[in-house]
Amino acid sequence: MEAREEETEIKHKDDWYPLDQVTFVSRDLSVPKVRDIPLTPLWKLLLCGEASVTKTLCCLTGELVQCDVQQTLGPLSLEDIENDSGLFPPFVESLRGPYVRRTAILKTKEGSTLLYAVSWWMEDAYHRFMVDPKQPIGSNVFNPAAKNEVYRDVKQVESGHSRKLEKLFRKPGPFWGRFYYIWSGGEPVTLIYEVFSPHLEMYFGSPSPKPEKPSVKTVK
């Protein structure tokens with residue numbers, strides 16, 4: 001995995017891009033309920049899995065995934081982290097302020113965008129865990145050498161549209177995204193919002209499972 005210098009692609013520097021016209025939301029990600037999410041198995045692994053997303057994308061695409069950190073803002077108060085439309089990220093109230101907000105994009109070496117990600121951190125946790133802020137979050141937090149006791153907790157999977165993300169991905173929606181915590185020391189230290197690019201369909205196929213063919217009964 002390579003880190004690249006900051007590139008100006010996020011045009012609205014004080015904004016984050018939530019999905020609107022949301023057509024599907026699931027907050028119950030228990031084992032029985034995951035089966036009901038209308039996704040193919042590989043897309044369920046991406047959205048509901050708790051492994052490092054950067055490493056997962058490297059393994060499943062065979063690509064060298066690069067991290068472009070677009071922006072890091074902080075310290076921020078709770079009022080500072082609403083977006084231009086006055087929207088707060090869900091679940092953020094469980095984090096202690098002040099906050100640091102980090103925006104990053106994961107790309108292939110050829111420049112195709114795979115993922116848009118925004119994370120909101122407790123400020124002290126950001127400086128403790130993000131030793132190399134130009135690297136992906138997983139490379140910092142889940143680095144075996146750091147011996148961090150951490151785990152992911154996926155809180156919401158959703159599907160919807162976003163004109164701003166259509167411009168970023170250069171592909172139309174709908175898009176699939178998720179919110180999840182990373183926990184350490186008995187409390188959530190960061191909330192991460194990720195939206196996956198339709199470009200991934202060239203590796204994994206369509207997120208939507210094919211409708212089952214009706215069974216044909218033979219009448220004797």
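Start by selecting Tyr 181, which is buried with a relative accessible area of 4%. The structure on screen is a predicted model. Tyr 181 belongs to strand S7, which covers residues 175-184.

Next, show the surroundings of Tyr 181. Beyond its neighbours within four places in sequence, Tyr 181 has contacts with Phe 91, Ser 94, Tyr 151, Arg 152, Asp 153, Lys 155, Pro 188, Thr 190 and Leu 191. Pick Ser 94 from that set: its side chain and that of Tyr 181 are joined by a polar contact of 3.1 Å. Then pick Asp 153. In sequence, 28 residues separate Asp 153 from Tyr 181, while the C-alpha to C-alpha distance is 5.1 Å.

Stay on Asp 153 and add Lys 155. Their side chains form a salt bridge, 3.7 Å from N to O. Lys 155 has a relative accessible area of 25%, so it counts as partly exposed.

Return to strand S7 and select Arg 178 together with Glu 194. Here the side chains meet in a salt bridge of 2.9 Å, N to O. Arg 178 sits in strand S7 and Glu 194 in strand S8 (residues 187-196), and the pair links distant parts of the chain, 16 residues apart. Are these two residues buried or exposed? Both Arg 178 and Glu 194 are buried.

Now colour the charged residues of another group. Arg 96, Asp 124 and Glu 187 are joined into one network by salt bridges that share partners. In total, the structure holds 5 salt bridges. Within the network, zoom in on Arg 96 and Asp 124, whose side chains meet in a salt bridge at 3.7 Å, N to O. Arg 96 is in the loop between strand S3 (66-76) and strand S4 (99-107), and Asp 124 is in helix H4 (residues 123-129), so this pair ties together parts that are 28 residues apart in sequence. Arg 96 is partly exposed, at 40% relative accessibility. Asp 124 is also partly exposed, at 41%.

Hide the charged residues and turn to the nonpolar interior. Which members of the largest nonpolar core touch the most other members? Among its 60 residues, these are Leu 47, Leu 57, Tyr 116, Trp 120, Trp 121, Leu 165 and Tyr 193. Strand S5 (residues 113-122) supplies the largest share of this core, with 8 residues.

From that list, select Leu 47. Apart from neighbours within four places in sequence, Leu 47 is in contact with Leu 39, Val 154, Val 157, Trp 176, Gly 177, Arg 178 and Phe 196. Arg 178, in this contact list, is the residue seen earlier in the salt bridge with Glu 194.

Leu 57, another residue on the core list, leads to helix H3. The buried residues of H3 are Val 53, Thr 54, Thr 56, Leu 57, Cys 58 and Thr 61. Leu 60 is in H3 too, a helix that spans residues 53-61. With a relative accessible area of 33%, Leu 60 is partly exposed. Just after H3 comes Gly 62, with a positive phi near 75°.

For the last stop, switch on the surface and keep Leu 60 selected. Add Leu 42 and Leu 45: with Leu 60 they form a nonpolar patch on the surface, and the accessible area of the three together is about 230 Å².

Terms used: Residues are numbered from 1 along each chain as its sequence is written. This is a predicted model: local features need pLDDT of at least 70, side-chain atom pairs count only at pLDDT 80 or more; totals for chains, interfaces and linings use all residues. Side-chain values use heavy atoms; hydrogens and water are left out. Helices (H or I, at least four residues) and strands (E, at least two) are DSSP runs, numbered from the N terminus. Buried means under 20% relative accessible area, exposed over 50%, partly exposed in between (1.4 Å probe, protein chains only). Contact means heavy atoms within 4.5 Å. A polar contact is a pair of N or O atoms within 3.5 Å; within protein, one must be able to donate a hydrogen and the other to accept it, and residues adjacent in sequence count only if both atoms are side-chain atoms. Patches are made of residues with over 30% relative accessible area and no salt bridge: like charges are joined within 9 Å, nonpolar side chains (Val, Leu, Ile, Met, Phe, Trp, Tyr) within 5 Å. Accessible areas come from the Shrake-Rupley method with a 1.4 Å probe; for residues, only the protein chains shown count as cover. A salt bridge is a side-chain nitrogen of Lys or Arg within 4 Å of a carboxyl oxygen of Asp or Glu. A nonpolar core is a set of buried Ala, Val, Leu, Ile, Met, Phe, Trp, Tyr and Cys residues joined through side-chain atoms within 4.5 Å.
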